[in-house]
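Notebook open, model loaded. I wanted to look at the ligand site and then at a couple of helices.

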Amino acid sequence: MKDVVKYAAFAAVLLLAGPALAETKAGSSWGPGADDTAFAHMLAASFKDKGIAKLDRLTQDETQAFCSDPEAAASPAAAEKRQRIEAANMATVNWPSDGKWLGDWKEGEKIAQSGRGNTWTDKPGEPNGGNCYNCHQISPAEISYGTIGPSLLQYGALRGGDEETMKAAWAKIYNAKSLNACSNMPRAGHMGILAEAQIKHLMALLFDPASPVNAKAGKPQ
Ligand code: HEC
C-alpha cells in the first residue's frame, strides 16, 4: 500500500511538472524527454534499486531515445534513421537454435496470460510471463484482453505457416522493434524477458492448428 501511495504521488508530480518541463524544450509539443536534464534528475531522485528492479532501467538505449520524441521519430526526415534502427534491432534476433519454430501451445497460453516478471516483487531466476493479453486478443475463451495491439485470433489459420511468416512472427516476439522502430510492443527476447523455449510455446499458440487461436469458430474482432 505504501508503494501504491508513493507511485500515485510520483504520477501526480509528473502531471504537475509535465507542462512546465515541456516549455524548456523549444519547438516541441511533446512533454519531457530523455534529453531533458531536469526530468532526468527527477526520475533519478524518484526511484531506487529494489530487489531485481535496478535503476539501469532509466537509461535509454538508442532505440528508446529515438522513440522518446515520437513526432521527430515519425517525421519523413527520420526515415533513414528509422530503417537503421529497425535493422539494428533485427540483428539482435536469435533464431531457434534447432530450427524448430513451434513448442506447446498450452504452455504458450500460460505465458501469454502471465504478466509476472522483472518487478521488485519477483524473485531472481523465476521465468517471466509474456503479458500478451494486456495488448492482444488471442484465444477466444479469454474475454479480458487489451487492444493496444491487433487481435491475434485465427493467426495461423489466416496466415499459413511458411518460413517467411514464421520468421516474421518470431522476429516480432523476439524484438518487436525489428519490424517497427517505435512499436509499443516490448522486445521480449532482446530484453531477456522470454527465453527461446517460451517464444516457441507462444509461436505454437499462434500457429498450431490445434491451438484455440485457430479454432474454426473464432473470428477476429
Ligand atoms: C504493450 C502492448 C503489447 C504487448 C504486451 C504485446 N504486444 Fe504484440 N503488438 C503490439 C502492437 C501495438 C502491435 C502492432 C504492430 C506494432 O506497432 O508493432 C503488435 C503486434 C504483434 C504481432 C504482429 C501482428 C500482425 O499483424 O502480424 C504479433 C505476432 C504479436 N504482437 C504477438 C505478441 C505476443 C506473443 C506477445 C506476448 C509475448 C505480445 N505481442 C505482447 C503490442 C503489444
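I started with the shell around the ligand: its residues split into twelve nonpolar, seven polar and two charged. For that split, Ala, Val, Leu, Ile, Met, Phe, Trp, Tyr, Cys and Pro count as nonpolar, Asp, Glu, Lys and Arg as charged, and the others, Gly among them, as polar.

Note to self: this is a predicted model, where local features need pLDDT of at least 70, side-chain atom pairs need 80 or more, and totals for chains, interfaces and linings use all residues. Numbering runs from 1 along each chain as its sequence is written, and side-chain values use heavy atoms, without hydrogens or water.

Which residues come nearest to the ligand? Of the 21 around it (a heavy atom within 4 Å), I got C132, C135, H136, K172 and M185.

Next, polar contacts (N or O pairs within 3.5 Å). A polar side-chain atom of K172 sits 2.4 Å from a ligand oxygen; for Y155 I read 2.6 Å, and for N180 2.9 Å.

I checked helices too (DSSP runs of H or I, at least four residues, numbered from the N terminus). α7 (155-159), α8 (163-174) and α9 (196-207) each give the shell at least two residues.

Then I moved to α2 (residues 37-46), where F39, M42 and L43 are buried (under 20% relative accessible area, 1.4 Å probe, protein chains only). They cover an arc of only 100 degrees around the axis (taken from the directions from axis to C-beta atoms), so they share one side of α2. On the face turned away, I found T37, H41 and A45 exposed (over 50%).

Notes
Polar contact = N/O pair within 3.5 Å; in protein donor to acceptor, adjacent residues only side chain to side chain.
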